[in-house]
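This briefing is for a reader who is new to the structure. Please look through the sequence and the model before going on to the notes below.

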Amino acid sequence: MPRNQEVISKNMRSIRSKDTSIEIRLRKELWHIGYRYRKNYKNLPGSPDIALTKYKIAIFCDSEFFHGKDWEVLKARLEKGNNPGYWVKKIERNRDRDAENDKKLLFLGWTVIHFWGKDILQNTEECIRVIEDAIWDERLNLQGDGWDIYEF
């Protein structure tokens, strides 16, 4: 079924890079329980969506599409769709950039946590629990070398 170019353009314009619903949901919950943070912290590689500077924890709220959740399945779907060369290249570059930024953050001694959007919306309490576990690890120095990546 062909799609109207105006509708596609309108949809793409409405996609936000910051202050998304998933970020806001997680930030409100963190704020409510007393954690203070920086949002879209530009002093760090990748400008984490949420940075708990006190504990050196960088949190990324990733959308399933643009960050390639279940990449092999999504890639196969994209290859059958419109403009596959553009979308496959774009999402692969996003995934590579995420990995590069994670390495840089780890080298700087930060703990990196990635959450998928649907997990934040459906299991906010579990996401908070993961963050609090990372905070306690940092507080108790159980991390050892500080080279941890949490994915939920």
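What is the relative accessible area of Glu-92? The value is 28%, and Glu-92 is therefore partly exposed. The model is a predicted one. In it, the protein chain has 152 residues, with 6 helices and 5 strands.

**Overall make-up**

- Along the sequence, the helices and strands of the protein chain come in the order α-α-β-β-β-α-α-β-α-α-β.
- Buried residues make up 39% of the 152 residues in the protein chain.
- The area exposed by the protein chain is about 9,800 Å², and 49% of that area comes from carbon and sulfur atoms.
- When contacts between residues at least 6 apart in sequence are taken, 58% of them join residues at least 24 apart.

**Salt bridge between H3 and H4**

- The structure has 4 salt bridges, and one of them pairs Lys-75 with Glu-92.
- In this pair, the closest N and O atoms are 3.3 Å apart.
- Lys-75 belongs to helix H3, residues 71-80, and Glu-92 belongs to helix H4, residues 84-107, so the salt bridge ties together parts that are 17 residues apart in sequence.
- Lys-75 has a relative accessibility of 22%, so this residue counts as partly exposed.
- Glu-92, on the other side of the pair, is partly exposed as well, at 28%.

**Salt bridge of Arg-93 and Glu-100**

- Another salt bridge joins Arg-93 and Glu-100, and their closest N and O atoms are 3.2 Å apart.
- Arg-93 is partly exposed, its relative accessibility being 39%.
- Glu-100 is also partly exposed, with a relative accessibility of 36%.

**Salt bridge within H6**

- Arg-129 and Glu-126 form a salt bridge through their side chains, with an N to O distance of 2.4 Å.
- Both residues lie in helix H6, residues 124-139, and because they are 3 residues apart there, about one helical turn separates them.
- Arg-129 counts as partly exposed at 43% relative accessibility, and Glu-126 counts as partly exposed at 28%.

**Helix H6 and its buried side**

- H6 is made of 16 residues.
- From the first C-alpha of H6 to the last, the helix reaches 22 Å, which is close to the 22 Å expected at 1.5 Å a residue.
- Which residues of H6 are buried? They are Thr-124, Cys-127, Ile-128, Val-130, Ile-131, Ala-134 and Ile-135.
- These buried residues span an arc of only 155 degrees around the axis, so they sit on the same side of H6.

**Gly-46 and its surroundings**

- Where is Gly-46 found? Gly-46 is in the loop that runs between strand S1, residues 38-39, and strand S2, residues 50-52.
- Gly-46 is partly exposed, with a relative accessibility of 38%.
- Leaving aside residues up to four places away in sequence, Gly-46 touches Phe-60 and Asn-101.
- Gly-46 and Asp-102 are 56 residues apart in sequence, while their C-alpha atoms are 8.1 Å apart in space.

Key. Residues numbered from 1 in each chain as written. Predicted model: local features only at pLDDT ≥ 70, side-chain atom pairs only at ≥ 80, totals over all residues. Heavy atoms only, no water. Helix = DSSP H or I, 4+ residues; strand = E, 2+ residues; numbered from the N terminus. Buried < 20%, exposed > 50% of the residue type's maximum accessible area, 1.4 Å probe, protein only. Contact = heavy atoms within 4.5 Å. Areas by Shrake-Rupley, 256 points an atom, 1.4 Å probe, with all protein chains shown as cover. Expected span 1.5 Å × (residues − 1). Arc of directions from axis to C-beta.
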